[in-house]
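Subject: Structure for you, plus notes

Hi,

Here's the structure I promised to send over. Have a look at it first, and then read on for what I found.

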Amino acid sequence: MARVRFAPSPTGSLHGGNALSAVANRGFGDWMLLRIDDTDPTRNVEGGEEAILRDLEWLGVEWDEGPVRQSERQGRYREVAEPLGERFEGVTLLREDGTATYHLASVVDD
């Protein structure tokens with residue numbers, strides 16, 4: 001079984017590249033996860049996730065699991081980062097407030 005994921009950030013409606021990725025992933029995969037990459041609250045737009053869901057519905061893209069929000073998995077990311085520290089080979093893994101950066105969250109989830 002081919003498992004795929006689509007993981008947009010909730011920054012507003014889907015742009016053309018994201019829409020194409022969602023349609024392609026659904027076509028390539030037997031099972032699809034919708035993950036919302038919302039680890040950076042400064043980039044998240046109010047209503048952005050809802051806009052993405054509407055756009056996916058309009059495109060006819062359905063998913064088998066999700067939406068899973070990275071913001072709800074911070075405990076897991078801190079657990080993985082603990083033995084590595086806040087930085088790994090010059091890349092920041094955890095912000096000053098203890099939340100995971102995109103780099104850490106996406107590697108752990110993927």
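What percentage of the 110 residues in the chain is buried? The answer is 34%. Keep in mind throughout that this is a predicted model.

Some overall numbers to start with. The C-alpha atoms fit a box of roughly 40 × 35 × 20 Å along the principal axes. The chain exposes about 6800 Å², and carbon and sulfur atoms supply 50% of that area. If you look at contacts with a separation of 6 or more, 72% of them are between residues 24 or more positions apart.

On to the fold. There are four helices and five strands in the chain, and from the N terminus the elements run β-α-β-α-β-α-β-β-α. Three of the strands make up an open sheet, ordered E1-E2-E3, with parallel pairing. Strands E1 (3-6) and E3 (65-69) are at the edges with a single partner strand each, so one side of each has no neighbour in the sheet. From one strand to the next, the twist averages 25°.

Here's how the pairing works out in detail. E1 and E2 are parallel and share four bridges, and Arg3 has Trp31 in E2 as its bridge partner. To get from E1 to E2 the chain goes through helix H1 (residues 16-28), in a β-α-β crossover that is right-handed. On the other side, E2 (residues 31-36) is joined to E3 by three bridges, again in parallel; there, Arg35 has Val68 in E3 as its bridge partner. Helix H2 (residues 48-59) packs on the sheet and touches E1, E2 and E3, with its direction at about 155° to that of E2. E2, H2 and E3 also form a β-α-β unit, which is right-handed.

E2 deserves a closer look. Six of its six residues are buried, so to speak of it as mostly covered is fair by the definition of buried as under 20% relative accessible area. Trp31, Leu33 and Arg35 point one way from the strand, while Met32, Leu34 and Ile36 point the other way. Note that Arg35 is among the buried ones.

Now the packing. Which residues make up the largest nonpolar core? It has 10 of them: Val4, Phe6, Leu14, Ala22, Met32, Leu34, Ile36, Ile52, Leu56 and Val61. E1, E2 and H2 each supply at least two residues, and E2 gives the most, with three. Leu56 is a handy place to start browsing: leaving aside residues up to four places away in sequence, it touches Phe6, Leu14, Ala22, Leu34, Val61 and Trp63.

Apart from that core there is another one, of seven residues, including Tyr77, Ala81, Leu104 and Ala105. Two of these names come up again in helix H4 (residues 102-109), where Leu104, Ala105 and Ser106 are buried. And what covers the buried residues of H4? The cover includes E2 and helix H3 (74-81).

That's what I have for now. Shout if anything looks odd when you open it.

Cheers

Technical notes
Residues numbered from 1 in each chain as written. Predicted model: local features only at pLDDT ≥ 70, side-chain atom pairs only at ≥ 80, totals over all residues. Heavy atoms only, no water. Pairing = 2+ DSSP bridges. Axes fitted to C-alpha atoms, helices over the stretch in contact; angles between N-to-C directions. Contact = heavy atoms within 4.5 Å. Core = buried A, V, L, I, M, F, W, Y, C linked by side-chain atoms within 4.5 Å. Buried < 20%, exposed > 50% of the residue type's maximum accessible area, 1.4 Å probe, protein only. Areas by Shrake-Rupley, 256 points an atom, 1.4 Å probe, with all protein chains shown as cover. Right-handed = clockwise from strand over helix to strand, strands pointing away.
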